[in-house]
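Please look over the structure shown below, and then follow the questions and answers about its helices, its core and its cysteines.

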Amino acid sequence: MISIVPLTAEHWDAARAIYLEGIATGNATFQQSAPEWPEWHKGHLPNCRLVAVHGGAVLGWAALTSVSSRCVYAGVAEVSVYVARSAQKQGVGTALLAALIAESEAANIWTLQAGIFPENTASLALHAKAGFRTVGTRKRLGQMNGQWRDVVLLERRSSVVGI
């Protein structure tokens, strides 16, 4: 049985290892390294960060970051979801994203957005299953290892917050 619990500093080593697995695929993020806890903690919303655990092992994590410090965007956040390679295709991502959506709505967040490489078809499918819609593709948004990369922008509007 998978449990979804708040991500704390005690989980970060395992969560960071999962993040590094994602980075190694070349299709999860523009990031080339995973930060230590203090930096990661500072950059993410304090109440919307979760881990999936089973038998004491961290299987995946999900968290939100602000998209802007401007008050008009206080209810808009960007989603990150990472699942350990060994736990993929077992419903971990689905459980994490569903719990993150519930947490975000409890925190009065009305829009979640995600930027996903088009090659990351599993993440695109996961987000679509959770009610995200494709806004469009941002062509040549950034360079990674000398290559321009496109990013698909997705969003999910809450049906209970900001209506």
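Helices (H or I, at least four residues) and strands (E, at least two) are taken here as DSSP runs, numbered from the N terminus. The model is predicted, so local features need pLDDT of at least 70 and side-chain atom pairs count only at pLDDT 80 or more, while totals for chains, interfaces and linings use all residues. Residues are numbered from 1 along each chain as its sequence is written, and side-chain values use heavy atoms, with hydrogens and water left out.

Q: Where is H44 found, and is H44 buried or exposed?
A: H44 is found in the loop between α2 (37-43) and β2 (49-54). Buried means under 20% relative accessible area, exposed over 50%, and partly exposed in between, with a 1.4 Å probe and protein chains only. Because the relative accessible area of H44 is 14%, this loop residue counts as buried.

Q: Which residue has its backbone oxygen 2.8 Å from a polar atom of the side chain of H44?
A: Leaving aside neighbours within four places in sequence, H44 is in contact (heavy atoms within 4.5 Å) with R49, A63, L64 and T65. A polar atom of the H44 side chain also lies 2.8 Å from a backbone oxygen, and that oxygen belongs to W40.

Q: Which elements do the buried residues of α1 pack against?
A: The buried residues of α1 are W12, A15, I18, Y19, G22 and I23. Seen down the axis of α1, they fall within an arc of 145° (taken from the directions from the helix axis to the C-beta atoms), so they line one face of the helix. The face turned away from this buried side carries the exposed residues D13 and A24. The buried residues themselves pack against α2, β3 and β4 (76-83).

Q: How far apart in space are Y19 and W61, C-alpha to C-alpha?
A: Y19 lies in helix α1 (residues 12-25), and with a relative accessible area of 9% it is buried. Beyond its neighbours within four places in sequence, Y19 is in contact with W12, T29, Q31, A34, P35, W61 and Y82. Although Y19 and W61 are 42 residues apart in sequence, their C-alpha separation in space is 8.6 Å.

Q: Which strand gives the largest share of the largest nonpolar core?
A: A nonpolar core is a set of buried Ala, Val, Leu, Ile, Met, Phe, Trp, Tyr and Cys residues joined through side-chain atoms within 4.5 Å. Of the 42 residues in the largest one, W61 and L64 touch the most other members. The largest share of this core, 6 residues, comes from strand β3 (residues 57-66).

Q: Why is C71 in no bond with C48, and how far apart are their sulfurs?
A: A disulfide is a pair of cysteine sulfur atoms within 2.5 Å, and a search of the whole structure finds 0 of them. C48 is buried, at 0% relative accessibility, whereas C71 is exposed, with a relative accessible area of 68%. The closest cysteine sulfur to that of C71 is in C48, and it is too far for a bond because the distance is 19 Å.

Q: What is the distance between the end C-alpha atoms of α3?
A: The expected span of a helix is 1.5 Å times one less than its number of residues. For the 15 residues of helix α3 (residues 92-106) this gives 21 Å, which agrees with the distance between its end C-alpha atoms, 21 Å.

How values were computed
A polar contact is a pair of N or O atoms within 3.5 Å; within protein, one must be able to donate a hydrogen and the other to accept it, and residues adjacent in sequence count only if both atoms are side-chain atoms.
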